[in-house]
Amino acid sequence: MRHPRTVIMSAVAGLGLTLAAALGATPAVATPAPVAPSTSVTAAQAGYAAYAGSSENAAANKAFFDAVMKSVAEKRAAKPGAQAVTVIYNAANAPSFRSQIASSTSIWNSSVANVRLQEGSNADFSYYEGNDSRGSYASTDGHGSGYIFLDYAQNQQYNSTRVTAHETGHVLGLPDHYTGPCSELMSGGGPGTSCTNAYPNATERSRVNTLWQNGLAAALARTAS
């Protein structure tokens, strides 16, 4: 939900942007140091309302999804008896958004059947918070190190649970679609600040279920080979 919406990928992919240093490393450069949330809307928000027309970097979104899928597949390969497909997240670095993260992951867990989000150790991705004029975003280096950054100012202007659930949707494989209606979670801020819907619609739910049914099977096959 950031403007312009840019998701960080590996320098090998030619985007030339700052990455997390290694698998599981804290993205010290890409993630601004957390500061206390401001109680007023800042000038940095001026561009946020215009981001409804920005385009999604589909390749970058897929890189994040693939990184998380790979991490989950490796864990399942190590414990083949596991029944549920569980994606583990770490919210320790986004304390101001703990309730929104809990709400958004609960929304996703009640909306889809083939994957479950759960807080815990040895996380597949993490949440961070801070100030960034580009807004909130999902980022990965394409090699298993992924995180969601939640921007203070943007979360004051837009419904914070919707922002968090939207960014979490990228972890599950969904791209942005800013021209969609408010009923479409991945339309992000396209419908405007009055939109508070934080639930994926039927199409989005079906897409996530399909991705995790078919995609995980393929990832497990690659891990086993």
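1. Fold order. Along the sequence, the protein runs α-β-α-β-β-β-β-α-α-α. That gives five helices and five strands. The model is predicted. Among contacts with a separation of 6 or more, 69% join residues 24 or more positions apart. Of the 225 residues, 48% are buried.

2. Confidence. Mean pLDDT for the protein is 73, and 61% of the residues reach 70 or more. Helix 2 has the highest confidence, at 98. Helix 1 has the lowest, at a mean of 72. Residues 3-56 need a caution: pLDDT stays under 50 there. The model still has 119 contacts beyond four places in sequence for residues 3-56. Where pLDDT is low, the predicted coordinates should not be read in detail.

3. Strands 1 and 2. Strand 1 (residues 86-93) pairs with strand 2 (residues 116-119) in the parallel sense, over four bridges. Between them the chain passes through helix 2, and this β-α-β crossover is right-handed. Two pairs fix the register for inspection. Thr86 faces Arg116 in strand 2. Val87 has Leu117 as its bridge partner in strand 2.

4. Strands 1 and 3. Strand 1 also runs parallel to strand 3 (residues 125-130), joined by three bridges. Here Tyr89 stands opposite Phe125.

5. Thr105. Which residues does Thr105 contact, leaving aside its neighbours within four places in sequence? They are Tyr89, Leu117 and Tyr127. Thr105 itself sits in helix 2, which spans residues 98-111. Its relative accessibility is 4%, so Thr105 counts as buried. The side chain is polar, and one of its polar atoms lies 2.9 Å from the backbone oxygen of Ile101. Tyr89 belongs to the strand 1–strand 3 pairing, opposite Phe125. Leu117 is the strand 2 partner of Val87.

6. Tyr127. Beyond four places in sequence, the contacts of Tyr127 include Tyr89, Asn90, Ala91, Asn93 and Ala94. Ile101, Ser104 and Thr105 are also among them. So are Ile148, Leu150, Thr164 and Thr168. Strand 5 (146-151) and helix 4 (160-171) are worth viewing alongside this list.

7. Nonpolar core. The largest nonpolar core has 35 residues. Val87, Trp108, Phe125, Tyr127 and Trp212 touch the most other members. At least two core residues come from each of helix 1 (58-78), strand 1, helix 2, strand 3, strand 5, helix 4 and helix 5 (202-224). Helix 1 gives the most, with five residues. That contribution should be read beside the confidence of helix 1, a mean of 72. In soluble globular proteins, nonpolar side chains tend to be buried together.

8. Glu129. Is Glu129 buried or exposed? Glu129 has a relative accessible area of 4%, under the 20% cut-off, so this residue is buried. Glu129 lies in strand 3. Its side chain reaches the backbone nitrogen of Ser96 at 2.8 Å. Glu129 and Ala92 are 37 residues apart in sequence, with 9.9 Å between their C-alpha atoms.

9. Points to check in the viewer. Start with the side chain of Thr105 and the backbone oxygen of Ile101, at 2.9 Å. Then take the side chain of Glu129 and the backbone nitrogen of Ser96, at 2.8 Å. Leave residues 3-56 out of any detailed reading, with pLDDT under 50 there.

Methods. Residues numbered from 1 in each chain as written. Predicted model: local features only at pLDDT ≥ 70, side-chain atom pairs only at ≥ 80, totals over all residues. Heavy atoms only, no water. Buried < 20%, exposed > 50% of the residue type's maximum accessible area, 1.4 Å probe, protein only. Polar contact = N/O pair within 3.5 Å; in protein donor to acceptor, adjacent residues only side chain to side chain. Contact = heavy atoms within 4.5 Å. Pairing = 2+ DSSP bridges. Right-handed = clockwise from strand over helix to strand, strands pointing away. Core = buried A, V, L, I, M, F, W, Y, C linked by side-chain atoms within 4.5 Å. pLDDT = per-residue confidence, 0-100.
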